[in-house]
Amino acid sequence: MNISIRKIFLSVIFICLCLLFKEGIVMAEKNFITLPKPKETSSFSLEKAIAQRRSERTFINKELSLAQIGQLLWAAQGITGERNGFLLRASPSAGALYPLELYVVSKEGLFHYLVSTHQLELWIREDLRQALAQAALGQDFIASAPLCIVISAVYTRLSARYGQRGIRYAHMEAGHIAQNIHLQAVALGLGSVPVGAFVDKKVKELLNLPDEEEPLYIIPVGYIK
Ligand SMILES: Cc1cc2nc3c(=O)[nH]c(=O)nc-3n(C[C@H](O)[C@H](O)[C@H](O)COP(=O)(O)O)c2cc1C
């Protein structure tokens, strides 16, 4: 009798541990979203994208697909090559030091773009778009975009080699990344707008950015009217 009670007890513990372990894996899978492989060709010409790009602020209530989100992030910072064992990205970077980080703010929450694996990592499971619009001086179109890409800078990655000039380089690089996003958005049939007017401290706090990171740029993207 004692032995069978012990057996049942051990079995229950075993099942509980299995369930816990399984939940952990499920949680881990939910916290990382693998983005679809980006396309490197399309019938939409670069010239057409340049000609058609405008700052768009009137978004319709339509979600973007994971493929579209992945394509925008790939255009910004996707891995596009390799040199001497170092991975190179879609946008140029001084000394290939890559000081910029990308975040996605959507209805589902805040995600960090993991460049090397082309994944999104969930940081905050909460819709921060309204608060982001407030941090950007009440520019309401930010809250109506299905997606905002935020570019932040880790200046120390550049200043360690280039000193003060590294700050300039980081800003130049943010421009490269942003333009790739704007043009890719047009080629995907979407619209976007550069947003530079926001309170740095508020955006940094809202996104819970690490101490060494400074937000530089917000890019709302979506289908337009
Ligand atoms: C660095 C920078 C910051 C900008 N910040 C904002 C902004 O905070 N809000 C906004 O509505 N537009 C912003 N814009 C968009 C400009 O208003 C827009 O690019 C300009 O009017 C030219 O129009 P176009 O982009 O359609 O050619 C910004 C543009 C740049 C380049």
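In what order do the seven strands of the open sheet lie? In this predicted model, the order is β1-β6-β5-β4-β7-β9-β8, and the pairing is antiparallel. Strands of a sheet pair through backbone hydrogen bonds, either parallel or antiparallel. The sheet is open, with β1 (32-34) and β8 (191-192) as its edge strands. Each of these two pairs on one side only.

At the β1 edge, the partner is strand β6, which spans residues 119-124. β1 and β6 run antiparallel and are joined by three bridges. Within this pairing, T34 is found opposite Q119 of β6.

Two helices can then be placed against the sheet. Helix α3, residues 66-77, packs on the sheet and touches β1, β4 (100-106), β5 (109-114), β6, β7 (147-154) and β9 (213-222). The direction of α3 makes about 160° with that of β4. Helix α7, residues 165-187, also packs on the sheet, where β4, β7, β8 and β9 are the strands in contact with the helix. The direction of α7 makes about 10° with that of β9. Strands β4, β7 and β9 are thus touched by α3 and also by α7.

The remaining part of the description concerns the ligand. The residues around the ligand are R53, R54, S55, R57, Q139, F141, V193, P194, V195, G196 and A197. By class, this shell holds five nonpolar, three polar and three charged residues.

Several polar contacts can be located within the shell. R54 has a polar side-chain atom 2.8 Å from an oxygen atom of the ligand. For R57, an N or O atom of the side chain is 2.7 Å from a ligand oxygen atom. G196 contributes through its backbone: an N or O atom there lies 3.0 Å from a nitrogen atom of the ligand. On its own, the ligand has 620 Å² of accessible area, and the protein covers 54% of that area.

Conventions:
Residues numbered from 1 in each chain as written. Predicted model: local features only at pLDDT ≥ 70, side-chain atom pairs only at ≥ 80, totals over all residues. Heavy atoms only, no water. Pairing = 2+ DSSP bridges. Helix = DSSP H or I, 4+ residues; strand = E, 2+ residues; numbered from the N terminus. Contact = heavy atoms within 4.5 Å. Axes fitted to C-alpha atoms, helices over the stretch in contact; angles between N-to-C directions. Near = heavy atom within 4 Å. Polar contact = N/O pair within 3.5 Å; in protein donor to acceptor, adjacent residues only side chain to side chain. Areas by Shrake-Rupley, 256 points an atom, 1.4 Å probe, with all protein chains shown as cover. Nonpolar A, V, L, I, M, F, W, Y, C, P; charged D, E, K, R; others polar.
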